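Thanks for making the time this morning. I would like to talk you through one model, starting with its strands and then moving on to its backbone, its charges and its surface.

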Amino acid sequence: MSVEAKNAKQVIIDEIKERIDESVSVVVVDYLGITVEQADELRSNLRKEGVKFTVYKNSLVKRAIAGTPYEALAEGDTLKGSSALAFCTEDATASARVISKAIKQYKKMSFKGGIVEGVVYDKAQIEEFAEIPSREELIARFMGSIQSPLTKFALTLKAIAEEQEA
């Protein structure tokens, strides 16, 4: 192998390391079977959530995670066959959530595993992360649950005040 080819691979390995280090979650997906149009739509949906979706050679990903806490990702079938990685730097569940919708829609892709906040997870655990609502949705639910009793209390006080006036 030429020196230029080795240098080119090292650049990609360094890019993978950097993306993993910057991300709060990395989801590995078997993307085989989806069309180009479906892949473009998926990438667009992921981009809206701040997720970068890229296909890397498994051997380069294995080299990038060798000797790191993420080395367990290379065990099993996670980095075998066709693999794409979704890197998210903001919402730890965003990539899994968007990809889960695509899996349900296309019925062709599947999760393989991933890393969430520095911990390596298998396929089943990543599928569970996909069910967690977004941060904004959780905040809205929480605020709704707080607001409901307060509204009822205020209405009760108002009714009592109106009753005493009459």
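**Strand pairing, charges and surface patches**

Let me begin with strand E1 and its neighbour E3, residues 84-88, which run antiparallel and are joined by 5 bridges. Before going further I should say that what you see is a predicted model. Within that pairing, valine 28 stands opposite leucine 85 of E3. E1 also pairs with strand E4, residues 110-116, again in the antiparallel sense, and here the pairing extends over 6 bridges. If you want a residue to look at on that side, valine 26 has isoleucine 115 in E4 as its bridge partner.

How enclosed is strand E1 by the rest of the structure? Of the 6 residues in E1, which covers residues 25-30, 5 are buried, and the strand is therefore largely enclosed by the rest of the structure.

Let me turn now to the backbone, and to two residues that you may want to find in a Ramachandran plot. As a reminder, most residues other than glycine have a negative phi. Lysine 107, however, has a positive phi, near 55°, and its place is in the loop between helix H4, residues 94-106, and strand E4. Lysine 107 has a relative accessible area of 69%, so it counts as exposed. The second case is glutamate 117, whose phi is also positive, with a value near 50°. Glutamate 117 sits in the loop between E4 and strand E5, residues 119-122, and because its relative accessibility is 61%, it too is classed as exposed.

Next come the charges. Side chains of opposite charge can pair when their charged atoms come close. In this model there are 4 salt bridges, and I will go through some of them in turn.

One of them links glutamate 49 to arginine 97, with the closest N and O atoms 3.8 Å apart. Which parts of the chain does this pair tie together? Glutamate 49 lies in the loop between helix H2, residues 36-48, and strand E2, residues 51-55, whereas arginine 97 lies in helix H4, so the salt bridge ties together parts that are 48 residues apart in sequence. As for exposure, glutamate 49 is partly exposed, because its relative accessible area is 33%, while arginine 97, at 13% relative accessibility, counts as buried.

Arginine 97 also meets the side chain of aspartate 91 in a salt bridge, at 3.1 Å from N to O. Aspartate 91 counts as buried, because its relative accessibility is 18% and the cut-off for buried is under 20%. Taken together, Glu49, Asp91 and Arg97 are joined into one network by salt bridges that share partners. While we are in this region, the C-alpha atoms of glutamate 49 and glutamate 90 are separated by 8.5 Å, and these two residues are 41 residues apart along the chain.

A further salt bridge is formed by lysine 80 with aspartate 77, and its closest N and O atoms are 3.8 Å apart. Lysine 80 is partly exposed at a relative accessible area of 46%, and aspartate 77, at 58% relative accessibility, counts as exposed.

Finally, the surface, where I would like to point out two patches. Which residues gather in a patch of negative charge? They are Asp14, Glu15, Glu18, Asp21 and Glu22. Of these, glutamate 15 has its place in helix H1, residues 3-22, and counts as partly exposed because its relative accessibility is 33%.

The other patch is nonpolar, and Ile139, Phe142, Met143 and Ile146 make up its surface of about 370 Å². Phenylalanine 142 belongs to helix H6, which covers residues 135-165. With a relative accessibility of 51%, and the cut-off for exposed being over 50%, phenylalanine 142 counts as exposed.

To close, I would keep two things in view when you open the model yourselves: strand E1, with E3 and E4 as antiparallel partners, and the network of Glu49, Asp91 and Arg97.

Definitions and conventions: Residues numbered from 1 in each chain as written. Predicted model: local features only at pLDDT ≥ 70, side-chain atom pairs only at ≥ 80, totals over all residues. Heavy atoms only, no water. Patch = residues over 30% accessible without salt bridge, like charges linked within 9 Å, V, L, I, M, F, W, Y side chains within 5 Å. Areas by Shrake-Rupley, 256 points an atom, 1.4 Å probe, with all protein chains shown as cover. Lys, Arg positive; Asp, Glu negative; His and termini not counted. Charge placed at Lys NZ, Arg CZ, Asp CG, Glu CD. Helix = DSSP H or I, 4+ residues; strand = E, 2+ residues; numbered from the N terminus. Buried < 20%, exposed > 50% of the residue type's maximum accessible area, 1.4 Å probe, protein only. Pairing = 2+ DSSP bridges.
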